Amino acid sequence: SETPEEQKKRFEIECEFVQALANPHYLNFLAQRGFFKERYFLNYLKYLLYWRRPEYARALKYPQCLHFLHALQNPEFREAIAVTANAKFIEDQQILQWQYYTRKRQRLHVCTYEKILTSTLFISKLLLMRAQHLVSKKMKQLLLQPRIFLVCLILTIVSLGYCSDEDVVDLPDKCEACVIFARELESQLHSVERKKGAEKKRDELTLIEILDKFCDVILQYKVHKEKQGLDRFQKAESQTMKTLHKLKDRGVKVELGIPYDLWDQPSAEVVFLKQQCDLILEEYENAIERWYYLKQRSALQQFLCEERVLKGKDASCIKRNSHSDL
């Protein structure tokens with residue numbers, strides 16, 4: 001029988017080995033060297049299945065290793081993982097999965113902070129308005145006491161619930177992507193033409209230079225979740241993120257689940273908006289050039305979006321935001 005010290009050592013060794021199975025390239029290494037064809041090694045992998053029990057799985061830092069441990073019981077998987085390309089494909093999928101959940105955690109935290117800040121501000125205003133209408137000075141002072149405010153804040157946080165996927169991610173549709181594309185392109189053209197002067201307007205080089213890296217500019221947009229429709233996409237930083245940055249600068253510990261350097265990375269909505277921009281530019285570049293050289297050209301939103309990209313499709317975002325500015 002094993003001594004307690006030997007049991008501890010075996011536990012640590014097996015824990016480390018099981019977690020190493022989360023690395024597809026390590027599995028590829030074992031497969032190419034014939035370990036998966038040895039009966040003793042297959043028996044050992046079967047023995048290690050006890051790590052799937054909750055009391056053991058809780059000790060794992062990389063629980064995805066349990067999926068691979070289960071897959072290794074299948075001879076077809078053991079054969080497939082011997083191909084390096086398959087191992088690389090699995091690794092790529094793991095990285096994409098981690099990136100997705102990192103962004104999702106960030107959006108969930110930001111959504112929660114938005115609700116806290118918005119609700120707290122709303123309650124503060126209600127308290128102040130109520131205090132102004134009180135005749136009794138003592139009651140006014142009571143409502144403005146920090147303890148009363150703190151109770152309201154706690155009640156607000158408790159009532160937040162959770163941020164569902166619908167609350168967190170609102171991808172732009174074709175209509176919104178096209179309108180933002182048209183407005184941004186017109187804005188850049190007007191800016192360049194004002195600098196060059198009227199005599200040099202509409203030269204071919206200007207359009208080529210702008211379109212060359214045009215869609216990269218879309219990544220500068222930020223999502224303002226407190227707004228709706230096209231208004232939620234703006235280049236200015238959202239009030240929520242401004243507040244969080246100020247708190248961070250003051251030394252307040254703010255946890256969003258990701259490093260501080262990644263706070264300002266483009267959100268999923270903005271990345272999707274950039275992808276839509278690339279598609280529109282690729283498909284309608286010739287139409288944009290024709291519009292550019294027209295002597296009496298209409299607004300690009302009408303020429304490109306209403307008459308071409310969205311022709312016969314849903315263009316409701318244009319009506320909803322006809323008077324809004326990005």
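Biologist: Hi! Which residues does Phe-181 touch, leaving out those up to four places away in sequence?
Modeller: Phe-181 touches Phe-214, Cys-277, Ile-280, Leu-281, Ile-288 and Leu-304. Contact here means heavy atoms within 4.5 Å.

Biologist: Where do these numbers come from?
Modeller: This is a predicted model, with residues numbered from 1 along each chain as its sequence is written. Local features need pLDDT of at least 70, side-chain atom pairs count only at pLDDT 80 or more, totals for chains, interfaces and linings use all residues, and side-chain values use heavy atoms, with hydrogens and water left out.

Biologist: Cool. Which members of the largest nonpolar core touch the most other members?
Modeller: Phe-181, Leu-185 and Leu-304 do, in a core of 37 residues. Helices 11 (174–196), 12 (204–212), 14 (268–292), 15 (300–309) and 16 (316–320) each supply at least two residues of this core. Helix 14 gives the largest share, 10 residues. Apart from this core lies another, of 26 residues, including Phe-17 and Phe-36.

Biologist: And what do those terms mean?
Modeller: A nonpolar core is a set of buried Ala, Val, Leu, Ile, Met, Phe, Trp, Tyr and Cys residues joined through side-chain atoms within 4.5 Å. Buried means under 20% relative accessible area, exposed over 50%, and partly exposed in between (1.4 Å probe, protein chains only). Helices (H or I, at least four residues) and strands (E, at least two) are DSSP runs numbered from the N terminus.

Biologist: Back to helix 14: where does it bend?
Modeller: Helix 14 bends at Tyr-284, by about 70°. That bend is the angle between axes fitted to the seven residues ending there and the seven starting there. Helix 14 spans only 31 Å between its end C-alpha atoms, while a straight helix of 25 residues would span 36 Å, taking 1.5 Å times one less than its number of residues.

Biologist: New topic! How many salt bridges are there?
Modeller: The count is 12, each one a side-chain nitrogen of Lys or Arg within 4 Å of a carboxyl oxygen of Asp or Glu.

Biologist: What is the salt-bridge partner of Lys-225?
Modeller: Lys-225 pairs with Glu-269, their closest N and O atoms being 2.9 Å apart. Lys-225 is in the loop between strand 1 and strand 2 (233–234) and Glu-269 is in helix 14, so the pair ties together parts 44 residues apart in sequence.

Biologist: Is Glu-269 buried or exposed?
Modeller: Glu-269 is buried, at 1% relative accessibility, whereas Lys-225 is partly exposed at 26%.
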